[in-house]
Amino acid sequence: MTKTWHLRNEVWQLPAIGGIMGILNVTPDSFSDGGRHNSPEQALQHAAALVQAGADIIDIGGESTRPGSLPVAIEEELRRTIPVIRALREQFPTLKISIDTRHVSVAAAALDAGADIINDISGLSDSAMRRLCAERPCGIVLMHMQGTPETMQQAPHYDNVVEDVRQFFIRQLNVAQADGISPERICLDPGIGFGKTTTHNLALIKHLRELTIHNGPMMMALSRKRFMGEILRNPAAARSSALPTVTLSLMAADAGADLHRVHDVEELHQALTLRHALLHTS
């Protein structure tokens, strides 16, 4: 049975094969595609290609959160993202649009411009962000991160990474609900690569069902992550080919992932379609 997710005034049923969130970074310095879609025209063209390839959601980010990255001025993040959201909403009236931000003022402006989802890497840790989400009926991605992008990969440590992330989700869901945010609006994301070692990442993928603590969707964001290159002993492997991302994303789907945030939409869409056909053949 496919999951549902409450987005604005719609109860969205995720596709049977699994949902795909296409990544659209409008930044000069994102780890994989920084500088490629800086102008609204370039961004719109790439978004159209992602939709054509099978993306159900376009996730727009104006601040790089790669390991070691520094915060971007709010004004700059707004300048990068809001014109793109407006243009996307005009060209694709029914498209689901997500804003990838940890800043409440950017999230508010994005919702005003037509975004449906706030993808918050800080996991609703900001009370102002929770107040905004309580006031506006948007979808929310609640992600786990240890530390900040600037520091998160310096020395990640957990007593038990799966249980620690699980307890974080329980706490944040309770806090969100206490602040008036319905759990049906929340998609969980264990935050692969955000304050985790390779061993931590693999454990979270393998034990993903243990993190499924509510009826909403679980998102897996593996796309082009550095740890895959470490496993393959080839740092460029996960960025020069879609195969590592697709392979682990299929395994994550088997482990319970309902939604996948990726750069290589077409390749994953094909793989998920084949997986679905196999699983539903008697």
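Glu63, Thr65, Asp100, Thr101, Arg102 and Ile121 line the largest cavity, where a cavity is a set of points on a 1 Å grid over the protein atoms alone at which a 1.4 Å probe fits but cannot get out, and lining residues have an atom within 4 Å of a point. Keep in mind that this is a predicted model, in which local features need pLDDT of at least 70, side-chain atom pairs count only at pLDDT 80 or more, and totals for chains, interfaces and linings use all residues. Residues are numbered from 1 along each chain as its sequence is written, and side-chain values use heavy atoms, with hydrogens and water left out.

Back to that cavity. The space in it comes to about 30 Å³, a volume being the space filled by probe spheres set on the grid points, which are joined across faces, edges and corners. With a threshold of 30 Å³ or more, the count is 1 cavity. Its lining divides into 1 nonpolar, 2 polar and 3 charged residues. For that split, Ala, Val, Leu, Ile, Met, Phe, Trp, Tyr, Cys and Pro are nonpolar, Asp, Glu, Lys and Arg are charged, and the others, Gly among them, are polar.

Now find helix 3, at residues 104–113. Helices here are DSSP runs of H or I with at least four residues, strands are runs of E with at least two, and both are numbered from the N terminus. Helix 3 has Val106, Ala107, Ala110, Leu111 and Ala113 as its buried residues, buried meaning under 20% relative accessible area, exposed over 50%, and partly exposed in between (1.4 Å probe, protein chains only). Look down the helix 3 axis and those buried residues sit within an arc of 160°, so they line one face of the helix; the arc is that of the directions from the helix axis to the C-beta atoms. The cover over them includes helix 2 (74–91), strand 5 (96–100), strand 6 and helix 4, with contact taken as heavy atoms within 4.5 Å.

Right after helix 3 comes Gly114, with a positive phi of about 125°. Gly114 also ties in with Arg89, a residue of helix 2: the Arg89 side chain reaches the backbone oxygen of Gly114 at 2.9 Å. A polar atom of the same Arg89 side chain lies 3.0 Å from the backbone oxygen of Pro93. Polar contacts like these are pairs of N or O atoms within 3.5 Å; within protein, one must be able to donate a hydrogen and the other to accept it, and residues adjacent in sequence count only if both atoms are side-chain atoms. Is Arg89 buried or exposed? Arg89 counts as buried, because its relative accessibility is 17%. Beyond its neighbours within four places in sequence, Arg89 is in contact with Thr94, Leu95, Ile97, Ala113, Gly114 and Asp116.

Next up is helix 4, residues 127–135, whose buried residues are Met129, Arg130, Leu132 and Cys133. Viewed down the axis of helix 4, these fall within an arc of 160°, so they line one face of the helix. The face turned away from that buried side carries the exposed residues Arg131 and Glu135. Covering the buried residues of helix 4 are, among others, helix 3, strand 6 (117–120), strand 7 (139–143) and helix 5 (161–178). At its N-terminal end, helix 4 is capped by Asp126, which has a side-chain oxygen 2.9 Å from the backbone nitrogen of Ala128.

Helix 5 holds Gln172, which counts as buried because its relative accessibility is 11%. Not counting residues up to four places away in sequence, Gln172 touches Gly123, Leu124, Ser125 and Leu142. Leu142 turns up again among the contacts of Leu188, which also include Phe169, Leu173 and Leu211 once neighbours within four places in sequence are left aside. Leu188 lies in strand 8 (residues 186–189) and is buried, at 1% relative accessibility.

Finally, two backbone oddities. Most residues other than glycine have a negative phi. Arg8, in the loop between strand 1 (4–7) and strand 2 (10–13), has a positive phi near 50°; Arg8 is partly exposed, with a relative accessible area of 31%. Arg224, in the loop between strand 9 (219–220) and helix 7 (226–232), also has a positive phi, about 60°, and Arg224 counts as buried at 10% relative accessibility.

Conventions
On a 1 Å grid over the protein atoms alone, a cavity is a set of points where a 1.4 Å probe fits but cannot get out, and a pocket is an open set with protein on both sides within 12 Å along at least five of seven lines; lining residues have an atom within 4 Å of a point.
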